[in-house]
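Colleague: Before I rely on any of the labels for this structure, I would like to see each one set against its cut-off.

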2 protein chains.
Amino acid sequence: MSCSSARLAQQIAFINEIEKLKLVYRRNRTIDQSRFENSAEHSWHLALMAMVLAEHANTPGLDIFTVVKMLLIHDLVEIYAGDTWLYDAAGALVQAEKEAWAAQQLFALLPADQAAEFHQLWEAFVARATPEATFAASLDALQPLLNYLLSGSPGEPGDMLAEQDVLGRKQGIAQGSQTLWELAQDVIAASTARGLYAA
Amino acid sequence: MSCSSARLAQQIAFINEIEKLKLVYRRNRTIDQSRFENSAEHSWHLALMAMVLAEHANTPGLDIFTVVKMLLIHDLVEIYAGDTWLYDAAGALVQAEKEAWAAQQLFALLPADQAAEFHQLWEAFVARATPEATFAASLDALQPLLNYLLSGSPGEPGDMLAEQDVLGRKQGIAQGSQTLWELAQDVIAASTARGLYAA
Ligand SMILES: [Ca+2]
């Protein structure tokens, strides 16, 4: 394809490459249970959650566009690094290194100024370095809980996560939003009542 | 679920309802051709395109967050109204009425102030009422062209869209961005060369 400028060609190469996020599948399912949710539609859902739930952030006056941008790009590294399940401790150890490498590869497709902007957004998100990053991370932790209550099926008792383990893993939601952490506890309790977690 | 406030309960009802956009499938495919693309991941892709391609808008100084918000919500009406293919003229006639009804239903789940904000964004997008809406519409028209060149397979000659018809349907891209319209023409020509449109 002939592009009107080298800069536009770089931008289109990036836009084409991120098509692949639609093929990174998560553990959660669509609500008809026909397939696994992918990281692109998950990111879309999070961006809309940021628009709707902004007022519940612990820190008032957040830059919501920054939250939205972080959420739109936060999972792009999975294109090269894969998705690691929150409850997989061994996988998490090497995952951080793989993701740093993946961010380097992927954002380098963009023109240098945009590569730097995207890299900075992603690093702030990973490090929970700003109130925007902390709130974005709270939404990222909340969305699968909401989805699971809608789409989950009671499993074999031996396969189920324990409610106490889920509560422990998700308590970081309180750092971005005390209100959403209270909501999350209600959602987790409702899921246990439905047989989705072991009591 | 007991929510900490009626307002939060409305917001969560909306967030749960829009799960359904992940089940509205389009004509385009994922790049591994394993399934059809859905409107949620399409909307995610568009929001990222707005972040990356903003500088190519005909109108300088656009409010890019408004463009992103429009793109994140532009297809939500399909949850109730379904997707109408761009080339289906009969379907388009009743579609506008169905979508206005769908917007009413869906945004009414939100608290009144947010319902009004979302409705206004959606109406501006549909009417191409602002430079932000016009640029958002150009991205919405461009994305499936980029995707099709990556994911399409040459079809039976009788089934293929004609290149001239595609050029006619897509020329509105120029209203939001002359640069992206020139790119789109290159993408269409490359697709014809690959046997994806009839010359
Ligand atoms: Ca669309």
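Modeller: What follows takes up the metal site, two buried residues and a pair of helices in turn. This is a predicted model, in which local features need pLDDT of at least 70 and side-chain atom pairs count only at pLDDT 80 or more, while totals for chains, interfaces and linings use all residues. Residues are numbered from 1 along each chain as its sequence is written, chains are lettered from A and ligands numbered from 1 in the order in which they are written, and side-chain values use heavy atoms, with hydrogens and water left out.

Colleague: What makes B:His42, B:His74, B:Asp75 and B:Asp140 donors of the calcium ion?

Modeller: Donors are N, O and S atoms within 2.8 Å of the metal, or 3.2 Å for Na, K and Ca, and the site may look incomplete because water is not among the atoms. Here NE2 of B:His42, NE2 of B:His74, OD of B:Asp75 and two OD entries of B:Asp140 coordinate the calcium ion at 2.3 to 3.0 Å, and along the chain the donors follow the spacing H-x31-H-D-x64-D. B:His42, in helix H2 (residues 39–53) of chain B, and B:Asp75, in the loop between helix H3 (64–73) and helix H4 (78–81), are 33 residues apart, so this pair links distant parts of the chain. Helices (H or I, at least four residues) and strands (E, at least two) are DSSP runs, numbered from the N terminus.

Colleague: Why is A:Asn147 called buried?

Modeller: Buried means under 20% relative accessible area, exposed over 50% and partly exposed in between, with a 1.4 Å probe and protein chains only; A:Asn147 has 0% and is therefore buried. A:Asn147 lies in helix H7 (residues 131–151) of chain A, and a polar atom of its side chain is 3.0 Å from the backbone oxygen of A:Arg29.

Colleague: How do you know that A:Lys22 is buried or exposed?

Modeller: Its relative accessibility is 1%, so A:Lys22 counts as buried. A:Lys22 sits in the loop between helix H1 (6–17) and strand S1 (25–29) of chain A, and its contacts (heavy atoms within 4.5 Å) beyond four places in sequence include A:Asn38, B:Glu37 and B:Trp44.

Colleague: Why are H6(A) and H2(B) called oblique?

Modeller: Angles under 35 degrees count as roughly parallel, over 145 as roughly antiparallel, 65 to 115 as roughly perpendicular and the rest as oblique. The axes of helix H6 (residues 112–127) of chain A and H2(B) cross at roughly 130° and come within 11 Å, and the two helices are therefore oblique to each other.

Methods
Polar contact = N/O pair within 3.5 Å; in protein donor to acceptor, adjacent residues only side chain to side chain. Axes fitted to C-alpha atoms, helices over the stretch in contact; angles between N-to-C directions.
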